[in-house]
Amino acid sequence: MDGNRRFAKTHNLSIERGHRLGGSALEKVLGACYLAGVKILTVYAFSTENFQRPRAQVDAIMHLLREQIARCSAPGGLAEQLGVAIRVLGRLDLLDDETRGAVMKAVDTTRGGNRLILNLCVAYSSRDEMTRAVRRSVEEYSHPRSPSHPETALTAQSLSDKMYTADNPPVDILVRSSGVYRLSDFLLWQCHQATHIQFLDTLWPDFGAWELFMVLLRWQRMRATTGRSRAGDAQAMVSCYISPGVCVLLALFSFFSAVSYYLAIV
């Protein structure tokens, strides 16, 4: 979700306002993902490196995170409306007590969501995730094996099982917004040989249902061209809170992408 600060500077807005507009963009994208049948949406909300920003800016982002995640997970909120289960991935021990409590409450409140998983990567970096997975594996395999755990060697699957995304499939589409051509230490392990990476010039606050639709259409064309496909059942299209015109457009074309897939946005 890159480009909030540049959007704010371009439009003579405060940095905080830029981040708020970025939060609004996420809500719109979440609604469009629900309509299109996306099963898992993972977004890069705050990296471990972001803690190096000025303290006032970090505090403002954490305040916004608490505010928006509480609103989304509240009774009758967006998560309940769309059947979203919120998960927060990353070093939660690095968060202040108030923010950590807010995100854990949201995770617990939305645990029953069964239509769409929203992974919020907060205090996250992929290298740290992989390092911690390897460390846990080494510690585990250094102990005598029990009959129920006879493995004696590390494997790719054993490491995958120790990632934050252990119960998620590999990433189908990875989107980088804001015209920056780098992955910024995001989901490096979870990407694979068939992951479709798209770099967009759109700043995150400008990212909406149309941009998402085009991402999915390009991905579907790529699958048709390469012949790679994963089976999945079409999902029922229910009302969405985004504009009616966009809802109709996505509904007309959702057959292109209404399968089980995993979208990640950095």
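A helix here is a DSSP run of H or I with at least four residues, numbered from the N terminus. The structure is a predicted model.

**Exercise 1.** Find which helix gives the largest share of the lining of the second largest pocket, and describe that lining by class.

*Solution.* Begin with the space itself, which amounts to about 210 Å³ in the second largest pocket. This pocket is lined by 13 residues, of which Ser160, Asn168, Pro170, Trp189 and Gln190 are the closest to its centre. The largest share of the lining, 3 residues, is supplied by helix α7, which covers residues 156-160. Sorted by class, the lining holds 7 nonpolar and 6 polar residues, with no charged residues.

**Exercise 2.** Determine which element gives the most to the lining of the largest pocket.

*Solution.* The largest pocket encloses about 930 Å³, and among its 40 lining residues Met1, Asn4, Tyr44, Ala45 and Phe46 are the closest to the centre. At least two lining residues come from each of α1 (4-10), α2 (15-36), β1 (40-47), α3 and β3 (116-124). The most is given by α3, with 7 residues. By class, the lining comprises 20 nonpolar, 11 polar and 9 charged residues.

**Exercise 3.** Compare the expected span of helix α3 with the distance between its end C-alpha atoms, and state which of its residues are buried.

*Solution.* Helix α3 runs over residues 55-73, and because its 19 residues are taken at 1.5 Å a residue, the expected span is 27 Å. The end C-alpha atoms lie 27 Å apart, which agrees with that expectation. With buried meaning under 20% relative accessible area, the buried residues of α3 are Gln57, Val58, Ile61, Met62, Leu64, Leu65, Arg66, Gln68, Ile69, Cys72 and Ser73.

How values were computed
Residues numbered from 1 in each chain as written. Predicted model: local features only at pLDDT ≥ 70, side-chain atom pairs only at ≥ 80, totals over all residues. Heavy atoms only, no water. Expected span 1.5 Å × (residues − 1). Buried < 20%, exposed > 50% of the residue type's maximum accessible area, 1.4 Å probe, protein only. 1 Å grid on protein atoms, 1.4 Å probe; cavity = no way out; pocket = protein on both sides within 12 Å on 5 of 7 lines; lining within 4 Å. Points joined across faces, edges and corners; volume = space filled by probe spheres on them. Nonpolar A, V, L, I, M, F, W, Y, C, P; charged D, E, K, R; others polar.
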